[in-house]
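Work through the exercises below with the model open beside you. Each has a task and a stepwise solution.

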Amino acid sequence: LSFALAMMLMLTLALSMVSCDEETEVPDGMKYACNPDIVDYSLFVPESWIVDITTGSSMAHVSESDFSSVQVAQWNLTNEIKDFDTWWKDYKSSIEKLGAVEYVTELENTVVDQIASKKCEYKLTMNKDTANERTYSYMVICTITKGSAYVFLYTSLEDGDLYKTNMPVIEEILKEFKFN
């Protein structure tokens with residue numbers, strides 16, 4: 001009986017060690033900006049950032065004075081959206097309905113968590129030629145894996161050049177992004 005209990009204890013410890021090895025470790029100075037129990041990726045942002053959404057999509061922004069943000073959403077692949085080209089056509093059509101778009105780059109190759117991805121940078125001016133005109137800079141990265149298009153979006157107001165100022169942090173966030 002003692003031998004059987006000892007073996008069960010060892011098996012339990014061994015299994016718990018395996019599950020610990022499979023968990024994604026939170027990088028130093030960062031925190032989750034997603035709920036990994038709901039989504040199949042891990043998005044980490046600096047500890048000082050404000051996490052806004054951790055449901056089926058994830059979103060966080062820099063601070064109360066800097067609303068530059070990152071967002072990740074998952075789109076299921078369909079007959080209409082089945083690869084980068086069809087995803088880009090649909091996405092491009094959506095953003096062009098929001099205002100005047102200036103493309104800085106279009107569908108450049110990049111890598112996210114060792115998976116081939118596509119990246120685009122653009123500026124979107126909403127309410128053009130009105131008192132409420134605002135221009136935002138965007139970087140969107142699409143990764144197609146596991147039957148879905150995962151869309152990482154970095155957004156910043158053009159005022160004060162926050163887009164470029166925050167880019168080193170965005171690059172660190174992308175470096176730590178993982179598919180679970």
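Helices (H or I, at least four residues) and strands (E, at least two) are DSSP runs, numbered from the N terminus. The model is a predicted one.

**Exercise 1. The fold in outline**

Task: Find how many helices and strands the protein has, and give their pattern along the sequence.

Solution.
- Step 1. Count the elements. There are three helices and eleven strands.
- Step 2. Read them along the sequence. The pattern is α-β-β-β-β-β-β-α-β-β-β-β-α-β.
- Step 3. Add the burial figure. The protein has 180 residues, and 36% of them count as buried.

**Exercise 2. Salt bridges**

Task: Search the whole structure for salt bridges and place each partner in its element. The cut-off is a side-chain nitrogen of Lys or Arg within 4 Å of a carboxyl oxygen of Asp or Glu.

Solution.
- Step 1. Run the search. It returns three salt bridges.
- Step 2. Take lysine 92 and glutamate 106. Their closest N and O atoms are 3.1 Å apart. Lysine 92 sits in helix H2 (residues 84-96) and glutamate 106 in strand E7 (residues 100-112). The two are 14 residues apart, so this pair links distant parts of the chain.
- Step 3. Check their exposure. Lysine 92 has a relative accessible area of 22% and is partly exposed. Glutamate 106, at 40%, is also partly exposed.
- Step 4. Take glutamate 158 and lysine 123. Their side chains meet at 3.7 Å, N to O. Glutamate 158 is in the loop between strand E10 (148-157) and helix H3 (162-176), and lysine 123 is in strand E8 (residues 115-126), so the bridge ties together parts 35 residues apart in sequence.
- Step 5. Check exposure again. Glutamate 158 is partly exposed at 24%. Lysine 123 is partly exposed at 27%.
- Step 6. Take glutamate 172 and lysine 175. The N to O distance is 3.5 Å. Both residues lie in helix H3, three residues apart, about one turn of the helix. An α-helix has 3.6 residues a turn, so residues three or four places apart point the same way.
- Step 7. Compare with the burial classes. Glutamate 172 is partly exposed, at 31%. Lysine 175 has 52% relative accessibility; exposed means over 50%, so lysine 175 counts as exposed.

**Exercise 3. Helix H3**

Task: Test the length of H3, then locate its kink and its buried residues.

Solution.
- Step 1. Compute the expected span. H3 has 15 residues, and at 1.5 Å a residue they should span 21 Å. The multiplier is one less than the number of residues.
- Step 2. Compare with the model. The end C-alpha atoms of H3 are 21 Å apart, which agrees.
- Step 3. Look for a bend. H3 has a kink of about 45°, centred on proline 168.
- Step 4. List the buried positions. In H3 these are Tyr163, Asn166, Met167, Ile170, Ile173, Leu174 and Glu176.

**Exercise 4. Pocket and cavity**

Task: Describe the largest pocket and the largest cavity by volume, lining and residue class.

Solution.
- Step 1. Start with the pocket. The largest pocket holds about 160 Å³ of space.
- Step 2. Name its lining. Among the lining residues are Val104, Glu121, Tyr122, Ser137, Asp161 and Lys164. Lys123 and Glu158 line the largest pocket too, and these two residues form a salt bridge.
- Step 3. Assign elements. E8, strand E9 (134-145) and H3 each supply at least two lining residues. E8 gives the most, with three.
- Step 4. Sort the pocket lining by class. Four residues are nonpolar, one is polar and five are charged.
- Step 5. Turn to cavities. The structure holds one cavity of 30 Å³ or more. The largest cavity has a volume of about 60 Å³.
- Step 6. Name the cavity lining. Val72, Val112, Ile141, Thr143, Tyr150, Val151, Phe152, Phe177 and Phe179 line the largest cavity. E9 and E10 are the elements that give two or more residues to this lining. E10 gives the most, with three.
- Step 7. Sort the cavity lining by class. Eight residues are nonpolar, one is polar and none is charged.

**Exercise 5. An exposed glutamate**

Task: Place glutamate 47 in the chain and decide whether the residue is buried or exposed.

Solution.
- Step 1. Locate the residue. Glutamate 47 is in the loop between strand E3 (44-46) and strand E4 (50-54).
- Step 2. Apply the cut-off. Glutamate 47 has 52% relative accessibility and counts as exposed, because exposed means over 50%.
- Step 3. Check a C-alpha distance. Glutamate 47 and lysine 31 are 16 residues apart along the chain, and their C-alpha atoms are separated by 5.4 Å.

Definitions and conventions
Residues are numbered from 1 along each chain as its sequence is written. This is a predicted model: local features need pLDDT of at least 70, side-chain atom pairs count only at pLDDT 80 or more; totals for chains, interfaces and linings use all residues. Side-chain values use heavy atoms; hydrogens and water are left out. Buried means under 20% relative accessible area, exposed over 50%, partly exposed in between (1.4 Å probe, protein chains only). The bend at a residue is the angle between axes fitted to the seven residues ending there and the seven starting there. On a 1 Å grid over the protein atoms alone, a cavity is a set of points where a 1.4 Å probe fits but cannot get out, and a pocket is an open set with protein on both sides within 12 Å along at least five of seven lines; lining residues have an atom within 4 Å of a point. Grid points are joined across faces, edges and corners, and a volume is the space filled by probe spheres set on the points. Ala, Val, Leu, Ile, Met, Phe, Trp, Tyr, Cys and Pro count as nonpolar, Asp, Glu, Lys and Arg as charged, and the others, Gly among them, as polar.
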